Amino acid sequence: MATLNAKSIRTADRSSMFPKILEFPDQLKKGWAIAGASPVSVDFGSIRNIVFSGMGGSAIAGDILKSVLGAGLRVPMAVNRGYDLPAFADSGTLFIASSYSGNTEETLSATEQAVGRGCRVLCVTSGGRIAEIAESKHLDRVLIPAGYPPRSALGFSLGVLLQIFDGFGVSPVSKEAFDRAAAFMARESVKMADLKNKSNAAARLAKKLKGRFPLISAAEGSLESVGFRWKCQFNENSKIHAAVLAVPEMCHNEIVGWKRLAATKPYYGALAAVLLRSPDEHPRVRLRMNVIRGLVEKNRGKAYEAQAKGSTAFERLLYLVHLGDVVSLYLAVLNGADPTEIDNINFLKKKLGQ
Ligand code: F6R
C-alpha cells in the first residue's frame, strides 16, 4: 500500500495543490479584505430574493454561504447550476455571478439573462468574460487573485461573500467572529498537515477510504453543502466517484440499499459510509446518524465519522470543509494521482468550445 509522507506527497502532487489547500485560512482573510476594498452598491433592503449562479468549485461557495446564513436569511436564496435563470428572477433579485475563470459558459449565460432582466448583479471572479461584462455594464464586481485551480480558491470567494453579507447586516458571522475563525483554522490546518502526528484525523480517514467508494452523509441545511464539497474534492483531487446524502432524507430510502451490501459489491466495489458529525446537529439528526452507523455496521459495511471541531457553528463548518480538502489530497497521494490534473473536465470544455 502506498504510504503518506512528505516524499510521496511531492511525487504525486506535481502541480502543488497541497500548499494551495493549506492557504485556505489565509485566503479567507484576504477575501474579506479584498471585498472590503471593493465597494458594492446593492441596497439589500430592496432585495426580494437571491440567485447565486456558478458551477463546480465556484458554485460551492454559494452552497456554503447559504449554510452559514442559515435560518437568519429572510429572503429565499437559490444556488443555480445551469444556463437559465429561474422564472422569478427580476429587478428585486440580487444575482451573484461566481466564476473563478470568468469564462464558464453556464454562468455566462445566466449572467447575461440576469443583466437582461434587470437583476442587481454582483460578479465574483478573477477575470475573463465575466469581468469584461461587469466592466462594460458597470456592474458591481469583486476581483479575486488569479492563477489558482478554481476549487483551490474557495477561501477567497467565501471571504468575499461573508464580508459582503456582513455589510448587508444579514450574516451571523461578524468581523470579530470571522477573524477568530480564520485564526482557529490556521492552527487546525497546521495540525492536518502534520503527518508525524499519529492521530492526524485527515491522514487516518484518507487511509481508511483508500480503495473505497465514499457515501457521505451530512445534515440537511447546515452541512449538506460541506458534504457536497467533500464529494467534489474526492472527484477532482482523488479521482474517485463519491456521493453525498442528506440526513434526514436518506433515512427514507438510501439506507435500504445497505441490506444487500455483499451482493452489490461486485458492481459497486467497496462502499464506505462517511458521516459528517457536529454538535450543531438537530437532536433527531444526531439520533438518525447513530442509527445509520449501526445499520451499516450490522450489514458488515464500513462507517467512518468526521468530527467537527471549533467553538462556533461557523468554525465547525470551516473545519469540516478544510478537513475534507486535506483528506481528498491525501487520498489522491495514496491513489498515486496528481490532485491538480482534471483532464476529463478540460477535454469536455474543449469539445464544447469546438
Ligand atoms: C476546477 C474546478 C471546476 C471549476 C468549474 C467552473 O478546479 O473546481 O469545478 O470550478 O469547471 O469553472 P469556474 O470556477 O472557472 O467558473
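Is Arg300 buried or exposed, and at what relative accessibility? In this predicted model, Arg300 counts as exposed, because its relative accessibility is 77% and the cut-off for that class is over 50%. The residue lies in the loop between helix α12, which spans residues 283-298, and strand β9, which spans residues 302-307. Its backbone carries a phi value near 60°, which is positive although the residue is other than glycine.

A second positive phi is found at Lys239, again in a residue other than glycine and again with a value near 60°. Lys239 belongs to the loop between α10 (224-238) and β7. With a relative accessible area of 31%, Lys239 is classed as partly exposed, because this value falls between the limits of 20% and 50%. The strand that follows this loop, β7, covers residues 243-247, and it is followed in turn by a loop leading to α11 (261-268), in which Pro248 lies. The peptide bond that joins Val247 and Pro248 is cis, with an omega of about 20°.

The ligand site was examined next. The ligand is surrounded by 14 residues, and the closest of these are Ser58, Ser99, Ser101, Thr104 and Arg151. Polar contacts to oxygen atoms of the ligand were computed for three of these side chains. For Ser99, a polar side-chain atom is placed 2.7 Å from a ligand oxygen, and for Ser101 the corresponding separation between a polar side-chain atom and an oxygen atom of the ligand is 2.7 Å. In the case of Arg151, an N or O atom of the side chain is found 2.6 Å from an oxygen atom of the ligand. Of the 400 Å² that the ligand exposes when taken alone, 94% is buried by the protein. The space that the ligand takes up is the largest pocket of the model.

When the shell around the ligand is divided by residue class, it comprises five nonpolar, six polar and three charged residues. The element that gives the most to this shell is helix α4, formed by residues 56-69, with a contribution of three residues. Ser58, one of the closest residues to the ligand, also takes part in a contact within the protein, since its backbone oxygen lies 2.7 Å from a polar atom of the side chain of Ser98. Ser98 is located in strand β3, which runs over residues 93-99. Ser98 counts as buried because its relative accessibility is 4%, whereas the class extends to values under 20%.

Strand β3 also holds Leu94, which is buried at a relative accessibility of 0%. Leu94 and the ligand-contacting Arg151 are separated by 57 residues in sequence, and their C-alpha atoms lie 24 Å apart in space. The loop that connects β3 with α5 (105-116) contains Thr104, another of the closest residues to the ligand. The relative accessible area of Thr104 is 13%, and the residue is therefore assigned to the buried class, for which the value must be under 20%. Between the C-alpha atoms of Thr104 and Gly54, which are 50 residues apart along the chain, the distance is 8.2 Å.

Two further positions were considered with respect to accessibility and spacing along the chain. Ser174 is situated in the loop between α7 (154-167) and α8 (175-193). At 27% relative accessibility Ser174 counts as partly exposed, because the value lies between the 20% and 50% limits. The C-alpha atom of Ser174 is separated by 8.8 Å from that of Leu162, and the two residues are twelve residues apart along the chain. Phe24, by contrast, is part of helix α3, which consists of residues 24-36, and it counts as buried at a relative accessibility of 3%. A separation of 19 Å was computed between the C-alpha atoms of Phe24 and Gln307, a pair that is 283 residues apart along the chain.

Terms used:
Residues are numbered from 1 along each chain as its sequence is written. This is a predicted model: local features need pLDDT of at least 70, side-chain atom pairs count only at pLDDT 80 or more; totals for chains, interfaces and linings use all residues. Side-chain values use heavy atoms; hydrogens and water are left out. A residue is near a molecule or strand if one of its heavy atoms lies within 4 Å of it. A polar contact is a pair of N or O atoms within 3.5 Å; within protein, one must be able to donate a hydrogen and the other to accept it, and residues adjacent in sequence count only if both atoms are side-chain atoms. Accessible areas come from the Shrake-Rupley method with a 1.4 Å probe; for residues, only the protein chains shown count as cover. On a 1 Å grid over the protein atoms alone, a cavity is a set of points where a 1.4 Å probe fits but cannot get out, and a pocket is an open set with protein on both sides within 12 Å along at least five of seven lines; lining residues have an atom within 4 Å of a point. A molecule sits in a cavity or pocket if more than half of its atoms lie within 2 Å of its grid points. Helices (H or I, at least four residues) and strands (E, at least two) are DSSP runs, numbered from the N terminus. Ala, Val, Leu, Ile, Met, Phe, Trp, Tyr, Cys and Pro count as nonpolar, Asp, Glu, Lys and Arg as charged, and the others, Gly among them, as polar. Buried means under 20% relative accessible area, exposed over 50%, partly exposed in between (1.4 Å probe, protein chains only).
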